[in-house]
Amino acid sequence: MEAVILRRFQKGDEFAVSDVICTTLSISNRTDYPPAFIEENIRSHSPEIIAARAEEAHFYVATDGEAIIGCGGITGYWGSAEESYLISIFVLPNHQGKGVGRKIVETLEADEYFRRAWRTEVGSSLTAVHFYEKMGYAFKDGITVPDEYGVVRLEKRKETRG
């Protein structure tokens, strides 16, 4: 594991976070998705959109020294106080496979949005499905193929509600 520190997103981080996401989409996802899909996803992760998303969610960044190398957030599932949703979890390709993604998910799972929820969902890229399975997430409703948005829905349920 690298000497990675996770902290809450701060105003001004949106530029580096957008770069992390766009770089990761361009490199890590290119074998699973066509160029048009990747380009559309890059457009939907501009610094302005990231800043707005960070206002609505509990958003975190992973840093190695001063550099932001990963990110992720958690929010209520469609405003629910009982269900949550993981968003925008990305790790720069040269830092993947070193425990950074695991640390991001563990941080999100320590967040109050996760702790209060009986169910947490993530819309995973085809590229990351195996990672989320290793983190204990299972296919939502047993569906293993991407939906109309190109993501596979996985979820983690707690033993009991409440």
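## A quick tour of the chain

Let's start with one residue on the outside: Asp141 is exposed, with a relative accessible area of 61%. Keep in mind that this is a predicted model. The chain has 6 helices and 7 strands, and half of the picture is inside, as buried residues make up 50% of its 162 residues. The points below go from the whole chain to two helices and then to a few single residues.

**The chain as a whole**

- From the N terminus on, the order of elements is β-α-α-α-β-β-β-α-α-β-α-β-β.
- A compact globule of 162 residues would have a radius of gyration near 15 Å, and the chain agrees with this because its own value is 15 Å.
- Along the principal axes, the C-alpha atoms fill a box of roughly 40 × 35 × 30 Å.
- Of the contacts in the chain with a separation of 6 or more, 64% are between residues 24 or more positions apart.
- About 8600 Å² of the chain is accessible surface, and carbon and sulfur atoms account for 53% of that.
- The chain carries 19 positive and 25 negative charges, and the mean positions of the two sets are 4 Å apart.

**Helix α3 and its two faces**

- Helix α3 spans residues 47–56, and its buried residues are Pro47, Ile50 and Ala54.
- Seen down the axis of α3, these buried residues fall within an arc of 60°, so they line one face of the helix.
- That buried set packs against α1 (14–28) and β2 (58–64).
- Turned away from the buried side of α3 is a face with the exposed residues Glu48, Glu55 and Glu56.

**Helix α2 and its two sides**

- In helix α2, which covers residues 35–43, the buried residues are Ile38, Asn41 and Ile42.
- They sit on the same side of α2, because they cover an arc of only 105° around the axis.
- The packing partner of the buried residues of α2 is α1.
- Ala36 and Arg43 are exposed on the other side of α2.

**Two buried threonines**

- Thr63 has its place in strand β2, and its relative accessibility is 6%, so Thr63 counts as buried.
- Beyond its neighbours within four places in sequence, Thr63 is in contact with Ala3, Val4, Ile5, Arg7, Ile68 and Ile69.
- To Glu121, Thr63 has a C-alpha to C-alpha distance of 25 Å, with their positions 58 residues apart in sequence.
- Thr75 lies in strand β3, residues 67–76, and counts as buried because its relative accessibility is 18%, which is under the 20% cut-off.
- With neighbours within four places in sequence left aside, the contacts of Thr75 are Glu56, Ala57, Glu83, Ser84, Tyr85, Ile87 and Tyr113.
- Glu56 thus gives you a link back to an earlier topic: Glu56 is one of the exposed residues of α3 and is also among the contacts of Thr75.

**Two residues with positive phi**

- As background, most residues other than glycine have a negative phi.
- Ser88 has a phi near 50°, a positive value in a residue other than glycine.
- The place of Ser88 is in strand β4, residues 83–91, and with 11% relative accessibility Ser88 counts as buried.
- Asp141 has a positive phi too, near 55°, and is again a residue other than glycine.
- Asp141 is found in the loop between β6 (138–139) and β7 (152–157), where, as noted at the start, Asp141 is exposed.

Methods. Residues numbered from 1 in each chain as written. Predicted model: local features only at pLDDT ≥ 70, side-chain atom pairs only at ≥ 80, totals over all residues. Heavy atoms only, no water. Buried < 20%, exposed > 50% of the residue type's maximum accessible area, 1.4 Å probe, protein only. Helix = DSSP H or I, 4+ residues; strand = E, 2+ residues; numbered from the N terminus. Arc of directions from axis to C-beta. Contact = heavy atoms within 4.5 Å. Rg over C-alpha atoms; globule rule 2.2 N^0.38 Å. Areas by Shrake-Rupley, 256 points an atom, 1.4 Å probe, with all protein chains shown as cover. Lys, Arg positive; Asp, Glu negative; His and termini not counted. Charge placed at Lys NZ, Arg CZ, Asp CG, Glu CD.
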